[in-house]
Amino acid sequence: MKDLAGKVAVITGAGSGIGRGMARAFAGAGMHVVVADVELDAAEAVARELNGTAVRVDVTKPGDVRALADQVYREHGAVHLLCNNAGVALGGPLSDMTHDDWRWVVSVNIEGVANCLTAFLPRMKAQDGEAHIVNTGSIAGLVTIPEGGIYAATKYAVVAISETLRAELAPHNIGVTVLCPGSVRTNILGAARNRPDDLKDTTVEAPAEFSDPVGMMDPDQVGLEVRDAVIANALYSIPLTEGNKVLIPMVQARFDAIMKAMP
Ligand SMILES: NC(=O)c1ccc[n+]([C@@H]2O[C@H](COP(=O)([O-])OP(=O)(O)OC[C@H]3O[C@@H](n4cnc5c(N)ncnc54)[C@H](O)[C@@H]3O)[C@@H](O)[C@H]2O)c1
């Protein structure tokens with residue numbers, strides 16, 4: 001989608017981190033941004049900064065997401081850019097994971113994306129002109145990183161959803177990008193702040209701080225890279241830090257091993 005000015009973007013998880021970075025980049029390109037987040041205060045702060053609209057949405061709740069789509073179509077008549085970005089993370093060996101660990105991460109990272117697609121896609125397909133979808137995956141959706149089993153499972157799923165949608169939506173003039181960043185300086189280590197009370201059974205404690213905050217990417221920079229990927233209609237957007245570049249040969253080795261196993 002080449003022309004962004006005057007168009008409407010809906011970004012989930014836009015109250016913080018990468019979502020806020022994207023909100024800033026797309027507002028900077030002249031879009032009206034709908035800042036959707038389960039934390040209303042955070043969404044309102046971003047909406048105030050960008051002259052956008054804040055909406056409280058829990059992406060795990062189909063009713064919340066339907067209400068968001070109804071509101072945006074009522075107020076704006078179209079959604080040109082949908083960024084399914086809200087996500088949570090949890091680390092640790094798979095053998096230590098509880099049912100609640102699985103349910104929580106899958107409900108936000110996979111079902112959250114599915115709920116938004118179900119609520120928005122029929123109307124996006126029916127509207128005139130170009131549109132675009134960005135799904136936030138992760139580099140952990142392309143290569144296996146130790147102790148990230150559940151998170152990786154959900155991010156591989158986001159990559160699969162995006163690759164499938166890309167082919168499916170091309171005839172409808174809707175582009176698709178999957179964002180697969182490396183380490184970005186956000187509030188994701190505190191993701192459990194939004195963990196529902198009925199899914200709290202866990203043995204995992206997240207580290208309080210990143211081990212290398214200085215070497216991590218600025219989420220606003222990631223937002224600018226996503227903006228460029230949308231304009232270029234790139235399927236993959238993979239912002240990596242210098243330190244993350246050790247992952248590149250690991251991705252190559254994974255695909256080499258897959259090719260070697262082919263008959
Ligand atoms: N930070 C990284 O290094 C990194 C790397 C790769 C991918 N990602 C992905 O980026 C996305 C954004 O994460 P971030 O790093 O900016 O973290 P963040 O915690 O700073 O932002 C995530 C936002 O999502 C919101 N959110 C959480 N659960 C929600 C729900 N159920 N419904 C609606 N909103 C909800 C939070 O309130 C928060 O505002 C996630 O999908 C994450 O997996 C992050």
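Guide: Two strands count as paired if DSSP finds at least two bridges between them. The model discussed here is predicted.

Visitor: How do you know that strand β1 and strand β2 pair?

Guide: Strand β1 (residues 8-12) and strand β2 (residues 32-37) share 5 bridges, in the parallel sense. The cut-off is at least two bridges, so β1 and β2 count as a pair. Within this pairing, V8 stands opposite H32 of β2.

Visitor: Which strands are the edge strands of the sheet, and what makes them so?

Guide: The sheet is open and has 7 strands, ordered β3-β2-β1-β4-β5-β6-β7 with parallel pairing. β3 (53-56) and β7 (236-237) each pair on one side only, and these are the edge strands.

Visitor: Which helix touches β2 and β3, and how is it directed?

Guide: Helix α2 (residues 40-50) packs on the sheet against β2 and β3, and its direction makes about 170° with that of β3. Angles over 145 degrees count as roughly antiparallel, so α2 is roughly antiparallel to β3.

Visitor: What does α3 lie across, and at what angle to β3 does it run?

Guide: α3 lies across β1, β2 and β3, and runs at about 155° to β3. That angle is also over 145 degrees, so α3 too is roughly antiparallel to β3.

Visitor: Why are α3 and α4 described as parallel or oblique to each other?

Guide: The axes of helix α3 (residues 62-76) and helix α4 (residues 99-126) cross at roughly 30° and come within 8 Å. The limit for roughly parallel is under 35 degrees, so α3 and α4 are roughly parallel to each other. Their crossing is right-handed. On α3 the contact includes P62, V65 and L68, and on α4 it includes C116, A119 and F120. By class, the contact residues divide into 9 nonpolar, 1 polar and 3 charged.

Visitor: What makes α4 parallel or oblique to α5?

Guide: The axes of α4 and helix α5 (residues 149-169) cross at roughly 15° and come within 9 Å. This angle is under 35 degrees, and therefore α4 is roughly parallel to α5. The crossing of α4 and α5 is right-handed. Among the residues that meet are W102, V105 and L117 in α4, and Y151, V158 and L165 in α5. The contact of α4 with α5 holds 15 nonpolar, 2 polar and 3 charged residues.

Visitor: Why are α1 and α6 called parallel or oblique to each other?

Guide: The axes of helix α1 (residues 17-28) and helix α6 (residues 219-232) cross at roughly 55° and come within 7 Å. Roughly parallel requires under 35 degrees and roughly perpendicular 65 to 115, so α1 and α6 are oblique to each other. α1 passes α6 in a right-handed crossing. The contact includes I18, M22 and F26 of α1, together with V222, L224 and V226 of α6. Its residues divide into 9 nonpolar, 3 polar and 3 charged.

Visitor: Where does UniProt place the feature "domain: Ketoreductase"?

Guide: The unreviewed UniProt entry places "domain: Ketoreductase" at residues 7-187. In the model, that span is 48% helix and 17% strand, and its end C-alpha atoms lie 28 Å apart.

Definitions and conventions: Residues are numbered from 1 along each chain as its sequence is written. This is a predicted model: local features need pLDDT of at least 70, side-chain atom pairs count only at pLDDT 80 or more; totals for chains, interfaces and linings use all residues. Side-chain values use heavy atoms; hydrogens and water are left out. UniProt positions are given in the numbering used here, feature names are shortened, and annotations may be inferred rather than shown by experiment. Helices (H or I, at least four residues) and strands (E, at least two) are DSSP runs, numbered from the N terminus. Axes are lines fitted to C-alpha atoms, for helices over the stretch in contact, and angles run from 0 to 180 degrees between N-to-C directions. A crossing is left-handed if the near helix is turned anticlockwise from the far one by less than a right angle, and right-handed if clockwise. Contact means heavy atoms within 4.5 Å. Ala, Val, Leu, Ile, Met, Phe, Trp, Tyr, Cys and Pro count as nonpolar, Asp, Glu, Lys and Arg as charged, and the others, Gly among them, as polar.
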